[in-house]
Amino acid sequence: MKYCLTCVCALFASVEIVHGVQFDKGTGHADFLRKHFDVSYWKSTWTDDTWHIRGIFVDMDGDGEDEMIAATTSEEDRTGDFWKIWMLGSDGKMRQVIHSGEVYFSCRAESFYKMNLQNGTSIVLGLGLNAGRRDLEGRRITAPTPDCAFALTKDGKYSLHEISPDVDTAFREKTVVSIERLYPEWYFGFTFTPPANMPHDPCTMRIPYRIPRGNIQVRGGVECPKGFAAFAAEYGRTVQKRVIVEGDVTVYAVFLDADNDGDVDCYVSCSAEKASAETFRWNLFLRDQDKLSKADAVVYPVARKKNICRLSPSVIASRDAFCRIVRYDVEPFFMVLDNKTTGRQVRDSITHYSAHCIEKLSCAEIRVSDAF
């Protein structure tokens, strides 16, 4: 089986992005399925009380309309569910989209993600798929595949493209802003009844019916605090004196809530603190009562689980190396990508069972001469 992907970020031209999962949207999709999804085939095999469907609604081809990645009771298997892709046809009915190479894939629901790009486009990813073909006797032969991106072709089929060389390298592209998990919605019976949102029910305790910890807005809703320009000017002048640099300098700042106390903290560097062509020396400043003070010790965003994340008082990193990770089990925490060209930092973080998304934190620029 061959895959090809020279640049995963060039697959689609335009897809509307809404960062973060939308919750409690099941009623609208239930009505949509009742109107457009024909269940005649399954009625011949299943009864209303034994049939269900799980659907992941996402725009896969950039036309502004959601397609559906779905598995019904018939496609469930203990080795991995056999998901199918459906789209709305010209006749108003959902039709199955066939793989251009007659390849099928199986996986759990946790294998579907969306990579969001700066220009508002997105790419659907499959991480940890098993794909294969049927042999001459009709038996399914599957094997683990490289991490893939999905693409719908103009002829109404879909194809899988290998993410090469790996997810971490793709995420480091300057055009990429985040990777977030996609979630299935559950509907029961031929009337597409969504599960009641009640605690301790095995259906509603699944990821689509829980909200991640912390603020799920982009960057946690953190913005440049009022009066930061004055702090940046003082920081820039201090660096100028220390390293003896003449002329203007540009101060760089990455804002984050480093210790999850509700205050806006920041990593700060400037153009005079280059460590290499792409990296700078950064210092962590913590806010307390509207005053920023340089951190003198390691900060643990998740105090009771210090093994998850530690933020050093000073780091050497590129301007787009700072990331925020949102999960269901702990408060949001942060990661500074190292300088390796490949690795598994990003992939391991987003594929953790409790992970919701990993996003790059933006870097603000303030020229010292223009600070006031």
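Is Cys-357 buried or exposed? At 3% relative accessibility, Cys-357 is buried, because anything under 20% falls in that class. Keep in mind that this is a predicted model.

**The whole chain**

Let's step back for the overall picture. The protein has 372 residues, and 49% of them are buried. Its secondary structure adds up to five helices and 22 strands. If you look at contacts between residues at least 6 apart in sequence, 64% of them join residues at least 24 apart. The accessible surface comes to about 18,700 Å², and carbon and sulfur atoms account for 50% of that.

**Cysteines**

Back to the cysteines. Cys-309 is also a buried residue, with a relative accessible area of 6%. As for disulfides, the count is zero. A pair of cysteine sulfur atoms would have to sit within 2.5 Å to be counted as one.

**Two neighbours at the end of helix 1**

Helix 1 covers residues 26-36, and His-36 is part of it. Lys-35 belongs to helix 1 too. The two side by side make a nice contrast: His-36 is buried at 12% relative accessibility, whereas Lys-35 is exposed at 59%.

What does His-36 touch, leaving aside residues up to four places away in sequence? The list is Leu-88, Gly-92, Lys-93 and Met-94. With Gly-92 there is a polar pairing as well: a polar atom of the His-36 side chain lies 2.6 Å from the backbone oxygen of Gly-92. Lys-35 can be placed relative to that stretch too, since its C-alpha atom is 8.1 Å from that of Lys-93, although their positions lie 58 residues apart along the chain.

**A pocket worth a look**

The second largest pocket holds about 410 Å³ of space. Its lining is made up of 21 residues, and those nearest the centre are Gln-118, Asp-320, Lys-360, Leu-361 and Ser-362. Which strands each supply at least two residues of this lining? They are strand 12 (176-181) and strand 21 (355-360). Strand 12 gives the largest share, at three residues.

**Backbone oddities**

A few spots in the backbone are worth a click. The peptide bond from Ser-164 to Pro-165 is cis, with omega near 0°. Pro-165 sits in the loop that runs between strand 11 (157-162) and helix 3 (167-172).

Then there are two residues, Phe-192 and Gln-289, to look at for their phi angles. Phe-192 is not a glycine, yet it has a positive phi of about 55°. Gln-289 also has a positive phi of about 55° without being a glycine. Phe-192 is found in the loop between strand 13 (185-188) and helix 4 (228-243), while Gln-289 is in the loop between strand 16 (280-288) and strand 17 (291-294).

Where do these two stand on burial? Phe-192 is buried, with a relative accessible area of 1%. Gln-289 is exposed at 74%, because the exposed class starts over 50%.

**Accessibility at a glance**

Here are the residues discussed above, for quick lookup.

| Residue | Relative accessible area and class |
|---|---|
| Phe-192 | 1%, buried |
| Cys-357 | 3%, buried |
| Cys-309 | 6%, buried |
| His-36 | 12%, buried |
| Lys-35 | 59%, exposed |
| Gln-289 | 74%, exposed |

Note on methods: Residues are numbered from 1 along each chain as its sequence is written. This is a predicted model: local features need pLDDT of at least 70, side-chain atom pairs count only at pLDDT 80 or more; totals for chains, interfaces and linings use all residues. Side-chain values use heavy atoms; hydrogens and water are left out. Helices (H or I, at least four residues) and strands (E, at least two) are DSSP runs, numbered from the N terminus. Buried means under 20% relative accessible area, exposed over 50%, partly exposed in between (1.4 Å probe, protein chains only). Contact means heavy atoms within 4.5 Å. Accessible areas come from the Shrake-Rupley method with a 1.4 Å probe; for residues, only the protein chains shown count as cover. A polar contact is a pair of N or O atoms within 3.5 Å; within protein, one must be able to donate a hydrogen and the other to accept it, and residues adjacent in sequence count only if both atoms are side-chain atoms. On a 1 Å grid over the protein atoms alone, a cavity is a set of points where a 1.4 Å probe fits but cannot get out, and a pocket is an open set with protein on both sides within 12 Å along at least five of seven lines; lining residues have an atom within 4 Å of a point. Grid points are joined across faces, edges and corners, and a volume is the space filled by probe spheres set on the points.
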